[in-house]
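Here are some friendly notes to read alongside the model, for anyone meeting this protein for the first time. Keep the 3D view open and go through the points in order.

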Amino acid sequence: MLNSSVNEELVNVAGVKDGDLVLDIGPGTGSLTNVLIKAGASVIAIEKDPHMVVLVKERFGSTDQLMVLQEDVTKCHIRSRLSSFIESKNSTGHELKRAKVVANIPFNISTDVVKQLLPMGDIISDVVLLLQDEAALRLTDVSLRKTEHRPVNIFVNFYSDPEYKFKVERSNFFPQPNVDAAVVRFKLKLISDYPPVISIKSFFSMVNSAFNGKRKMLRRSLQHICSALEIEAALMNVGLPTTSRPEELTLDDFVKLHNEIAKV
Ligand SMILES: C[S@@+](CC[C@H](N)C(=O)[O-])C[C@H]1O[C@@H](n2cnc3c(N)ncnc32)[C@H](O)[C@@H]1O
């Protein structure tokens with residue numbers, strides 16, 4: 001990162017304050033980690049590259065605000081790492097509740113990381129990421145109604161309130177990538193604020209099946225769940241046309257439809 005103010009803005013967007021617990025994914029040489037530590041946070045950094053791990057440990061050797069884990073974040077058991085850290089801090093008189101995630105992650109793992117983190121609202125309050133601009137727009141724009149974008153939008157909006165914060169031009173990076181980046185914030189919902197579905201697992205299974213039959217009417221793509229007539233009846237009962245296609249439904253429509261089908 002050539003422009004260090006971008007790291008400061010990431011930390012500001014997350015509202016990091018003294019005593020917060022922050023997960024930094026891919027600390028690299030530690031430029032973002034440094035801003036987090038200066039803001040007074042306790043930082044858990046997960047870094048895959050052993051050389052970077054050595055580098056970042058050397059850079060912050062004298063601080064007890066940093067724990068570096070040499071792991072691949074997509075394979076890491078983040079929940080147990082965070083909860084055991086919170087428990088051990090709280091046993092020494094702290095009052096840590098939920099962690100924040102602030103990270104400048106490689107673009108190729110961003111969707112996996114978003115899918116991994118958003119369902120952890122019980123233990124994480126905010127996820128602030130620097131993403132490829134196109135991915136940032138796709139994940140946060142609730143008005144997008146393109147078939148290929150909708151399943152992930154249903155997922156993101158089920159678990160969080162997403163917000164596109166600002167664009168970061170490619171000239172801020174070295175080597176310069178051939179795409180721009182953007183900062184996004186996901187405010188994670190507590191479990192009690194999730195849309196009221198009868199079963200989260202079967203809800204997402206239905207959403208995914210609906211979109212697997214791209215541009216197909218739901219009465220056809222959901223036929224493995226129940227008959228076309230039953231799907232048509234469920235659509236009518238929730239106030240939707242019997243000819244509805246998945247890209248025409250909002251998150252709320254999917255929730256109502258799932259709960260209606262579950263009664264069958
Ligand atoms: C774009 S650099 C970020 C550097 C740093 N955060 C900064 O602001 O200067 C990405 C870092 O993520 C690390 N990384 C890549 N894939 C990873 C993975 N699956 N798990 C953990 N770290 C990963 C890389 O080794 C690299 O250090």
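1. A good place to start is the ligand. Of the 20 residues around the ligand, those that come nearest are G26, G28, K48, D49 and V73. Sorted by class, this shell holds nine nonpolar, seven polar and four charged residues. Helix α2 and strand β2 each supply at least two residues of the shell. Please keep in mind that you are looking at a predicted model.

2. Now step back to the whole protein. The secondary structure comes to eleven helices and seven strands. The C-alpha trace spans about 65 × 45 × 30 Å along its principal axes. Of the 264 residues, 34% count as buried. As for how the chain meets itself, take the contacts between residues at least 6 apart in sequence: 62% of them join residues at least 24 apart.

3. The protein is divided into two parts, domain 1 (4-193) and domain 2 (200-261). Their C-alpha centres lie 33 Å apart.

4. Where does the largest nonpolar core lie with respect to the two domains? This core has 67 residues, and those with the most contacts inside it are L10, V22, L36, V101, V102 and V127. Both domain 1 and domain 2 give residues to the core, so it lies between them.

5. Two of the core residues just named are worth a closer look. V101 lies in strand β4. V101 counts as buried because 24 other C-beta atoms lie within 10 Å, where 20 or more are needed. Leaving out residues up to four places away in sequence, V101 touches L23, I25, L117, I124, V127 and V128. L118 is 17 residues from V101 along the chain, and their C-alpha atoms are separated by 11 Å. As for V102, again without its neighbours within four places in sequence, its contacts are L10, V11, A14, V16, V22, D24, L32, L36 and V128.

6. Two residues in that last list, L32 and L36, take us to helix α2. In this helix, which runs over residues 31-38, the residues L32, T33, V35 and L36 are buried. Why do they line one face of the helix? Seen down the axis of α2, the buried residues fall within an arc of 160°, so they share one face. What covers them includes the helices α1 (4-13) and α3 (50-59), together with the strands β1 (21-25), β2 (42-47), β3 (66-70) and β4 (99-104). After α2 comes G40, whose phi is positive, near 95°. Remember that α2 also supplies at least two residues of the shell around the ligand, so do turn the view to see the helix from both sides.

7. Is D64 buried or exposed? Look for this residue in the loop between α3 and β3. D64 counts as exposed, because it has 7 C-beta neighbours inside 10 Å and the limit is 12 or fewer. D64 and I37 are 27 residues apart in sequence, and the distance between them in space is 9.9 Å, C-alpha to C-alpha.

8. Another loop to visit is the one between β6 (160-168) and β7 (181-188), where P175 is found. The peptide bond from F174 to P175 is cis, with omega near -5°. P175 has 4 C-beta neighbours inside 10 Å and therefore counts as exposed. K187 is twelve residues from P175 along the chain, and the C-alpha atoms of the pair are separated by 31 Å.

9. Finally, go to helix α11 (residues 251-262), which contains L251. With 17 other C-beta atoms within 10 Å, L251 is partly exposed. Which residues is L251 in contact with, leaving aside its neighbours within four places in sequence? They are I154, N157, F158 and P195. One of these, F158, is 93 residues from L251 along the chain, with 7.3 Å between the two C-alpha atoms.

How values were computed. Residues numbered from 1 in each chain as written. Predicted model: local features only at pLDDT ≥ 70, side-chain atom pairs only at ≥ 80, totals over all residues. Core = buried A, V, L, I, M, F, W, Y, C linked by C-beta atoms within 7 Å. Domains from an automatic or database assignment. Contact = placed C-beta atoms within 7 Å. Helix = DSSP H or I, 4+ residues; strand = E, 2+ residues; numbered from the N terminus. Arc of directions from axis to C-beta. Near = placed C-beta within 6 Å. Nonpolar A, V, L, I, M, F, W, Y, C, P; charged D, E, K, R; others polar.
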